Each structure stands twice: as C-alpha cells, then as structure tokens.
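Student: Could we go through this model together? I would like to see how each label follows from its value.

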Amino acid sequence: AALAAEMCAVSMAGVHAALAGAGTLSQRLAGALDAKIGRFHRLIANSPFSAELMESKALAARAFEDLDAQFRKALGDAIGEARIGKAADRAELVDTVLAAGYGVWQLGSFRGETEPAQTRKRLERHLGLLLKGLATK
C-alpha cells in the first residue's frame, strides 16, 4: 500500500505540474492525462509483473480511489479557471476529458503504438477539437 501511495503522489505531482505549465488548455490537459493515465498505462504495459501490479492495485484500492478523486478535481479546476462550459456541466465535461484520455491510450495499445509522444499528440488534437466545440456554444 505504501508503494501505491507513493506512485499516486508522483502521478499527482505530474498532473499539477502539467496543469500549471505553459501551453494551451488542451496541451495542459493532455499533459495531466499523460501524467496519470499514460504513466500507469506504460507502467503496466511495459512490466513483466503486470499481473502483480494489477493485484496490488486491488490491495491498495483506497490510494487509487483518492488519486482518482484528486485527479478529477484538478481537471475540473483547470477547466473552470479557463471558463470552459457551464459550471453545472463541469463534472460531465471532466468525464468527457477522461474518456478521451482513456480512449486514446487504449486505441494506441490496439494499434501497437510504442511512442508515448505520438499518443499524447493525438490526445492534444482530440482535446483541442472538444474544447473548440465547447467554445462555439
């Protein structure tokens, strides 16, 4: 559980750094998604111990639940600060951003992509289109 807590803390530090960094909102959101989703995806995909890692995730469920809650809040705060969408729709927008993140990394896996930068660029494009569409509403 201690290792899981440390992994989660490192992931959230990356999320906060990405959201506070330079770039467009879609670039910063993509960086945050990479710091959480991409990081764990690569860790599991590249490890000969992936089954053990997944089992340890079940044992450390509380740490990962806390990470997910913190991650959702950080994304919602970044979207709110950018004044994207209505406040009442923020949770749904966060769900959409997360779906884009998980979907892009899963698609990259299906395609056999091994270069994280390629997957992240695709995610930036997807998020850019999503945010552009919201800005026209």
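Tutor: Gladly; the model is predicted, and helix 5, residues 90-111, is a good place to begin.

Student: How do you know what span to expect for helix 5?

Tutor: Helix 5 has 22 residues. The expected span is 1.5 Å times one less than the number of residues, which gives 32 Å for helix 5. From its first C-alpha to its last, helix 5 reaches 31 Å, close to that expectation.

Student: Which residues of helix 5 are called buried, and what makes them so?

Tutor: Buried means under 20% relative accessible area. In helix 5 that label goes to Leu-93, Val-94, Val-97, Leu-98, Ala-100, Gly-101, Val-104, Trp-105 and Gly-108.

Student: Why are they said to line one face of helix 5?

Tutor: Seen down the axis of helix 5, the buried residues fall within an arc of 145°, so they line one face.

Student: What does the face turned away from the buried side of helix 5 carry?

Tutor: That face carries Glu-92 and Phe-110. Both are called exposed, a label that requires over 50% relative accessible area.

Student: What comes just after helix 5?

Tutor: Gly-112, which takes a positive phi of about 75°.

Student: What makes the run of elements in the protein chain α-α-α-α-α-α?

Tutor: The secondary structure comes to six helices and zero strands, so each element in the run is written as α.

Student: And how many of the residues in the protein chain are buried?

Tutor: Of the 137 residues, 36% fall under the 20% cut-off and are buried.

Methods:
Residues numbered from 1 in each chain as written. Predicted model: local features only at pLDDT ≥ 70, side-chain atom pairs only at ≥ 80, totals over all residues. Heavy atoms only, no water. Helix = DSSP H or I, 4+ residues; strand = E, 2+ residues; numbered from the N terminus. Buried < 20%, exposed > 50% of the residue type's maximum accessible area, 1.4 Å probe, protein only. Arc of directions from axis to C-beta.
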